[in-house]
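Work through the exercises below on charged side-chain pairs. Each task is followed by its solution.

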Amino acid sequence: MPEFCDVAVPVPLDMVFTYCVPADATPIVGGRVLVPFRQQRMTGIVVELHDRKPSVTTKSILRVLDRTAVLDEQLLHLGRWIADYYLAPIGEVFRTMLPLSAEFQRSIGYRLSPGGQMALHQAGLSGSSSRSRRTPEEQAAEFRVLDYLAGCESAPGKTDLIREETLRSATHVSKTMLAGMVRKKWLAREDVSAPRAATRTVTIAVLKSAEGKLNNNQRMLVDTLAASGGRVPVMTLQALELPRTTLSTLVRRGLVETVEESAVFTVSRSKPRPSLFDFDLSPAQQSALTSLREGIVTRKFAGMLLHGVTGSGKTAVYLAGMRGVLEAGRSAILLVPEIGLTPAVAADLHQIFGEEVAILHSALSDRDRAQQWHRIRRGEARMVVGTRSAVFAPVADLALIIVDEEHDSSYKQEETPRYHARDIAVMRAKMANAVVVMGSATPSLESYFNAKKNKYALIELPDRIEQRPLPEVEIIDMRQEFRETGHEQVISRKLAAEIKERLDHKEQVMVLLNRRGYSPVVLCRTCGKKLECQNCAIALTHHKREHKMVCHYCGYTAAVPQVCVHCGSEYVYFLGTGSEKLEELLHGMFPQARIARLDRDTVRSPRDFERALNALNEGELDLLVGTQMIAKGHDIHGVTLVGVVGADAALGLPDFRAAERTFQLLTQVAGRAGRGQTPGKVVLQTYFQDHYAVQYAARHDFVGFYEKELQFRCWMHYPPYSALANVLVRSDKLDDALEWSGTLGRWFETIRHEAVRVLGPAPAPILRLKRDYRYHFVLKSPSREKLNTTLRAMLAHAAQKKIPRTQVIVDVDALWLM
Ligand SMILES: [Zn+2]
Ligand SMILES: [Zn+2]
């Protein structure tokens, strides 16, 4: 066995750490080990075993956690590539790739120290110490802790280590109090983190015998067990609403036994939709499927961009492709945007692929996620469907990765490592000689550009299924509406008339306003100041129903002001309209209509999202108001009118992707109209009616938009013509943020000639966010390699200047420059 192993530990440092391998341990590359790190124990991934003695003294690994690798050769390679490309610490990359945190319980334990024994003894003698500055309540609480620990004696004079959670729930004390007792040397504190079983268990009641005298309750329970083959989870028996003692009595009498079994994960408790789609493909779909299958059998990398208008049936192509992969005994991964994976979709997939499907999404508990991961790893589930991180699923013999709605911004992780799942999918497919399909009605500029450059094959689905027409779009110029009516209108006369007409015909309507809350701004007419968040340079939004002011960035809340908080004036005005107010307005205008709202305030989980869509589908709703959530790829046949009330506000923002995002949103929301028998219509209200993003969206002209936008990107040296990175320097102290950004700015001056353009330092568009002051640099270079080299050198310089690594955020291929 080699003497040393290099371990990637999940800490924000761009390095691996060398540990000794003890004689009795056999770590493996790609497996997890428990190691001491500073004062803690951590799980890391072994990346190399070697005999090169490091110059510094090394500690030993504490325990080998895996006998087989959890990251195979390819995933290790992918992880290294991510760390390199995104300049992310390798240990943090591996942690992101492995959803196994539930298998390791981080915990602190306490035991009584001699000082504590003494204190307890003295408290017993004198009641309490009179010199103490502590309140009687605090003294009583401390006494409870000492007394409790003294009672947990395992051997004479030695008490057990008690987990913090156990101790706190037994004695009702705060963490601060425990920390204080450690400082006084009354308690000893130790890290007791340990691996735990990955699988959730359930208690099963097993019928042993039905003989003997039983009362009514006992009889009911025994009969239920017998009727279900003698084994039923105890949870399920609760539906009988019997007293708890019924079961325990039967167990005591030996008639029923309870056993722990590892829980079988249920993909979805929802019923699949009855209209499960057929694989009756149109000629265009069939031809797309043929290209995809041809790519798969060659076992060579191929990238395909499936550009299909809204309603053209891309999903049918995906699922038919996956089914082919399954029949060939290979594996496929389908990535979907965050909100796309509702329980009903999961149920549909289960119906199609049976037990071969694994679902990975953010609403799963850590344990369920770990369990799904193991099913995939063992080869039990070869069809993986999930959000962003499912791109790391440990499938064997990967044949196909599909990225649905590839332009969706939820594929980009906005924390370290700041990876883009679409780009990882492409890289992983390359490593695995697999096919990657990116699908969208509004492909990202980058993907379409790559397709045009023949890096990807471009597959078009130009028509809606069954030759349904795309909806007609009418643009309403809101400046003119203002001139003609003399009022700032939320809903134009035209849109109001159209809504009324649809409602009269019992047709359904969606109205998009991409801003939640009631009023986005509270302004004082006397001093002109806005009510801002305490932690961010952001106006607080009024939420009427919750009766509070909320920061949409950090969650800070404040009371609704009666007078100006700055000058005390009574002339405070609530300005602007959010989705909550729009809903209220529509209620006022159409009192008979059944109206619901879909935004982050009404949707807390995919289940809420699904409930609202189901209501619309079942005809229980007439009108759905919402933010961009209503634009996401769902298929409601009764909607014939889409009103767009505010979707162009982004065009006023200092962000080079604003036009692209607006075009995508307008096209996607327009795509919700007329998916059934009746043709659809879109009424698009805008203040930017001449803007090309609005004009091309109204004409459903993706290619026109693409060409125009590409010209702008070319002139401005933005992606796809340049590789771009955003470097953000942040600190809760303004002086530090200024000094550090100055330091880096001076350093960037010295590398001027390196073919990397550096803009900045400049205050970030949101100068203060979550208490941090923020300054940023935008780096652009035609050479990805030069950009990467510069960023790496910049980080080295920052480290040399003692700027903390966590305060310099490098965002390669940033989607947001805010
Ligand atoms: Zn004021
Ligand atoms: Zn805030």
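A search of the whole structure finds 43 salt bridges (a side-chain nitrogen of Lys or Arg within 4 Å of a carboxyl oxygen of Asp or Glu). The model is predicted: local features need pLDDT of at least 70, side-chain atom pairs count only at pLDDT 80 or more, and totals for chains, interfaces and linings use all residues. Residues are numbered from 1 along each chain as its sequence is written, and side-chain values use heavy atoms, with hydrogens and water left out.

**Exercise 1.** Place the salt bridge between Asp 366 and Arg 369 and state the burial of each partner.

Step 1. The N to O distance is 4.0 Å.
Step 2. Both residues sit in helix H13 (residues 366-377), three apart, so about one helical turn separates them. Helices are DSSP runs (H or I, at least four residues), as are strands (E, at least two), numbered from the N terminus.
Step 3. Asp 366 is partly exposed at 41% relative accessibility, while Arg 369 is buried at 18%. Buried means under 20% relative accessible area, exposed over 50%, partly exposed in between (1.4 Å probe, protein chains only).

**Exercise 2.** Which parts does the salt bridge of Arg 422 with Glu 406 tie together?

Step 1. The closest N and O atoms are 2.9 Å apart.
Step 2. Arg 422 belongs to helix H14 (residues 421-432), and Glu 406 to the loop between strand S20 (398-404) and H14, so the pair ties together parts 16 residues apart in sequence.
Step 3. Arg 422 is buried at 7%; Glu 406 is buried at 0%.

Technical notes: Chains are lettered from A and ligands numbered from 1 in the order in which they are written.
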